[in-house]
Amino acid sequence: SRAINPNVSMCFLVDLPPNALTSTHCCPSLPFPSKIKDFKDFASPNATLRIRKPVHLVDQEFIAKFEKGIALMKALPAHDPRNFDQQSRVHCAYCNGAYHQPHPFEGLKLDIHRSWLFFPFHRWYIFFFERILGNLIGDPNFALPFWNWDSLEGMQIPLYFSNPNSSLYHKLRDPKHMPPHVVDLAFNGKDNSVPYHQQVSYNLATMYKQMVLANTKELFMGMPLRVGDKPQPGPGSIESAPHNTVHSWTGDGHAPNREDMGSFYSAARDPIFYPHHSNLDRMWVLWKTLDEGRKEYSDPDWLNSGFVFYDENANPVRVKIKDCIETKNLGYVYEDVDIPWLHYPP
Ligand code: C2O
């Protein structure tokens, strides 16, 4: 088998982009042991499912819970693997080369981006984030909301994320892109100065192209990455945009690498990262419903690849891609909302 299961007990200093704002260690403060249990706690078929809702459609009570959960994560002792900063390091570690490929390819650094690992890695990553948060606020049904940037009402930074008194606020964001400024899903580093309705229509066309026209698993999910392959074989449509584009659009244009959202090492320090990835994860769910015959990879090297995370009890667990293919297995679904781009060919 050439499935990738990195040896996370060896964690190396990461590669940072030039002029990175902080020289950061992305390895967890509590190093992973060499023997790690497999994750087993799957939702039973009759379990109540957690329902992930659009960020702009949740009520005050939900916002208060979400804010409290993030505040509690930030307040945990710095070395606790569930601490907010430790959680952001998880992303950096898997992206910026802290882990290497398994023997005999230790020379190759692991990067879960720009390959078929993109969707499943982030699905598992935010799954544990959601459980940690739910656990801290004593609500096992807590569901991470999604930043519904593919809908008209969702095409801006959600208001309560830009309230400086909120735990969801983050300073390192582009001041020009504060609400009600509308997002550019095809952002290339320069601001479009087009009227609101024009930008909305560009965005819907981008969505159509990336979702509807990307009609093979290779185009949508990204290219295979197996043990021994060089990193970054090629991203899927959604990973390039809106994934990368919304990352850089959100990050601060005055920071050297559009930190924090605009660079992988720092992106997960901004609480908006998680609703952003919740919506990307939703795209994987939606894509399969667009046509019969749309399905993810069935290659055993993909299904048996996996990752290691800390769970809500701060225990390390090993997960496999094959166990995350149906979100119901993980105990959650996405609320059905209008899909305005569905009939919007460019
Ligand atoms: Cu792993 Cu949105 O980045």
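In which helix is histidine 243 found? Histidine 243 is found in helix H6, and the legends below begin with this residue and its partners in a predicted model.

**Figure 1. Three histidines listed by UniProt as a binding site.** An unreviewed UniProt entry lists His243, His247 and His277 under "binding site". These histidines span 35 residues in sequence, yet no two of their C-alpha atoms are more than 10.1 Å apart, so they gather at one spot. Two helices supply them: histidine 243 is found in H6, histidine 247 also has its place in H6, and histidine 277 belongs to helix H8.

**Figure 2. The surroundings of histidine 243.** A residue is called buried here if 20 or more other C-beta atoms lie within 10 Å of its own. Histidine 243 counts as buried because it has 22 C-beta neighbours inside 10 Å. Leaving aside its neighbours within four places in sequence, histidine 243 is in contact with Ile238 and Leu280.

**Figure 3. The surroundings of histidine 247.** This residue also has its place in helix H6. Is histidine 247 buried or exposed? With 22 C-beta neighbours inside 10 Å, histidine 247 counts as buried. Residues up to four places away in sequence are not counted in its list of contacts, which holds Met261, Gly262 and Ala267. For a sense of scale, histidine 247 and leucine 13 are 234 residues apart in sequence, and their C-alpha atoms are 24 Å apart in space.

**Figure 4. The surroundings of histidine 277.** Helix H8 holds histidine 277. Because 23 other C-beta atoms lie within 10 Å, histidine 277 is buried. If neighbours within four places in sequence are left aside, histidine 277 is in contact with His122 and Ile126.

**Figure 5. Helix H4 and its two faces.** Helix H4 comprises the 18 residues 196-213. At 1.5 Å a residue, H4 should span 26 Å, and its end C-alpha atoms are 25 Å apart, which agrees. Which residues of H4 are buried? They are Asn203, Leu204, Thr206, Met207, Gln210 and Met211. These residues cover an arc of only 155 degrees around the axis, which puts them on the same side of H4. An α-helix has 3.6 residues a turn, so residues three or four places apart point the same way. The face turned away from the buried side carries the exposed residues His197, Gln198 and Leu213. Among the elements that cover the buried residues of H4 are helix H6 (237-250) and helix H8 (273-289).

**Figure 6. The largest nonpolar core.** In soluble globular proteins, nonpolar side chains tend to be buried together. The largest nonpolar core of this model has 81 residues. Helix H3 (residues 118-136) provides the largest share of this core, 11 residues. The residues with the most contacts inside the core are Ala93, Tyr94, Phe121, Trp124, Tyr125 and Phe309. What does tyrosine 94 touch, not counting residues up to four places away in sequence? The list consists of Tyr99, Leu110, Ile112, Phe121 and Phe307.

**Figure 7. Two cis peptide bonds.** Histidine 103 and proline 104 are joined by a cis peptide bond, with omega about 0 degrees. Proline 104 lies in the loop between helix H2 (84-95) and H3. A cis peptide bond also joins glutamate 259 and aspartate 260, where omega is about -5 degrees. Aspartate 260 lies in the loop between H6 and helix H7 (264-267).

**Figure 8. Two residues with positive phi.** Arginine 114 has phi near 55 degrees, a positive value in a residue other than glycine. The loop between H2 and H3 is the place of arginine 114. This arginine counts as partly exposed because it has 19 C-beta neighbours inside 10 Å. Glutamine 232, likewise a residue other than glycine, has a positive phi near 60 degrees. Glutamine 232 is found in the loop between helix H5 (217-221) and H6. With 14 C-beta neighbours inside 10 Å, glutamine 232 counts as partly exposed.

**Figure 9. Confidence in the predicted model.** The mean pLDDT of the protein is 96, and 100% of its residues reach 70 or more. The scores of the model are ipTM 0.99 and pTM 0.98.

Methods:
Residues are numbered from 1 along each chain as its sequence is written. This is a predicted model: local features need pLDDT of at least 70, side-chain atom pairs count only at pLDDT 80 or more; totals for chains, interfaces and linings use all residues. pLDDT is the predictor's confidence in each residue, from 0 to 100. Helices (H or I, at least four residues) and strands (E, at least two) are DSSP runs, numbered from the N terminus. The expected span of a helix is 1.5 Å times one less than its number of residues. A residue is buried if 20 or more other C-beta atoms lie within 10 Å of its own, exposed if 12 or fewer, and partly exposed in between; C-beta atoms are placed from the backbone. The arc is that of the directions from the helix axis to the C-beta atoms. Two residues are in contact if their C-beta atoms, placed from the backbone, lie within 7 Å. A nonpolar core is a set of buried Ala, Val, Leu, Ile, Met, Phe, Trp, Tyr and Cys residues joined through C-beta atoms within 7 Å. UniProt positions are given in the numbering used here, feature names are shortened, and annotations may be inferred rather than shown by experiment.
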